[in-house]
Amino acid sequence: MKKTPIIDRSQDEHFMREALALAEQGAALGEVPVGAVLVQDGQIVGRGFNCPISRHDPSAHAEMVAIRDAAQTVANYRLPGSTLYVTLEPCSMCAGLIVHSRIQRVVYGATEPKAGVVVSRGQFFAQEFLNHRVLVEGGVLAQECGEVLREFFRLRRQK
């Protein structure tokens, strides 16, 4: 029988603020400001922000970087029982990685109307063919997460 996860929603905002701080680090480097942290047992085990430009790596999305960091930290390619906090709704590439990593829960901030596959452009995690189910919570600090992106692109348009 599958264990029902214990979700402490009081920590969601705390960890989302950690992800927001990482998004700001990415913005300072000229990257699209998206940040992510991966949490296991109440501890951050992986951190990342978007860095495809600086790394010359189209796969270097915040989620990808945080998951890779966590896998190295815990020395396992599977991350059961973990929660990924990301400031923007994941894309299809990242959603696939989340499933393959066996992440238990994804908490995201702002929706991504162009490429988000949790609710905006599809419901990837609800697909019957998937061999792993992911719990999803959206809209945590959505206003703040969205504002970081809006400000970044506003400044970029001014240049």
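Two strands are taken to pair if DSSP finds at least two bridges between them, and with that in hand one can read the pairing in this predicted model, where Leu-84 stands opposite Val-106 in strand E4.

**The whole chain**

Begin with the entire protein chain selected and drawn as a cartoon, which shows five helices and five strands. Followed along the sequence, these elements give the pattern α-β-β-α-α-β-α-β-β-α. The radius of gyration is 15 Å, close to the 15 Å that the globule rule gives for 159 residues, so the protein chain is as compact as a globular protein of that length. Oriented along the principal axes, the C-alpha atoms fill a box of roughly 55 × 30 × 30 Å. If you switch to a surface, the protein chain exposes about 8700 Å², of which carbon and sulfur atoms supply 53%, while buried residues make up 47% of the 159 residues. Among contacts with a separation of 6 or more, 58% are accounted for by residues 24 or more positions apart.

**The annotated span**

Next select residues 10–137, which UniProt lists, in an unreviewed entry, under "domain: CMP/dCMP-type deaminase". The end C-alpha atoms of this span lie 13 Å apart, and the span is 34% helix and 22% strand.

**Strand E1 and its two partners**

Move to strand E1, residues 35–40, where six of the six residues are buried, so the strand is largely enclosed by the rest of the structure. In a regular strand the side chains alternate between the two faces of the sheet. Showing side chains here, you will find Gly-35, Val-37 and Val-39 pointing one way from E1 and Ala-36, Leu-38 and Gln-40 the other way, and all are buried.

Add strand E2, residues 43–49, which pairs with E1 in the antiparallel sense over six bridges; Arg-47 in E2 is the bridge partner of Val-37. E1 and E2 form a hairpin with two residues between them, and in the turn Asp-41 has a positive phi of about 50°.

Then bring in E3, which pairs with E1 in the antiparallel sense over four bridges, with Leu-84 in E3 serving as the bridge partner of Leu-38.

**Strands E3, E4 and E5**

Keep E3 (residues 83–88) on display and select E4 as well: the two strands pair in the parallel sense over five bridges. Include helix H4, residues 92–101, and you have a right-handed β-α-β unit made by E3, H4 and E4. Strand E4, residues 105–110, is mostly covered, six of its six residues being buried. Strand E5, residues 135–137, pairs with E4 in the parallel sense over three bridges, and Arg-105 stands opposite Leu-135 in E5.

**The two ends of E3**

Thr-83 lies in strand E3 and is buried, with a relative accessible area of 11%. Leaving aside neighbours within four places in sequence, Thr-83 is in contact with Val-37, Leu-38, Val-39, Arg-105 and Val-107.

Leu-88, also found in strand E3, is buried with a relative accessible area of 14%. Not counting residues up to four places away in sequence, Leu-88 touches Val-34, Glu-63, Tyr-108, Gly-109, Ala-110, Thr-111, Glu-112 and Leu-149. A distance drawn from Leu-88 to Gln-40, 48 residues apart along the chain, gives a C-alpha separation of 20 Å.

**Helix H3: Glu-63 and Thr-73**

Now select Glu-63, which is found in helix H3, residues 62–74, and which the UniProt annotation "active site", from an unreviewed entry, covers. Is Glu-63 buried or exposed? Its relative accessible area is 4%, and because buried means under 20%, Glu-63 counts as buried. Which residues surround it, leaving aside its neighbours within four places in sequence? Glu-63 is in contact with Ala-36, Leu-84, Val-86, Leu-88, Pro-90, Cys-91 and Cys-94.

Finish at Thr-73, which is likewise found in helix H3. At 48% relative accessibility Thr-73 counts as partly exposed, since exposed would require over 50%. The C-alpha atoms of Thr-73 and Gly-46, 27 residues apart along the chain, are separated by 7.2 Å.

How values were computed. Residues are numbered from 1 along each chain as its sequence is written. This is a predicted model: local features need pLDDT of at least 70, side-chain atom pairs count only at pLDDT 80 or more; totals for chains, interfaces and linings use all residues. Side-chain values use heavy atoms; hydrogens and water are left out. Buried means under 20% relative accessible area, exposed over 50%, partly exposed in between (1.4 Å probe, protein chains only). A crossover is right-handed if, with the strands pointing away from the viewer, the path from the first strand over the helix to the second runs clockwise. UniProt positions are given in the numbering used here, feature names are shortened, and annotations may be inferred rather than shown by experiment. Contact means heavy atoms within 4.5 Å. The radius of gyration is taken over C-alpha atoms; the globule rule is 2.2 Å times the number of residues to the power 0.38. Accessible areas come from the Shrake-Rupley method with a 1.4 Å probe; for residues, only the protein chains shown count as cover.
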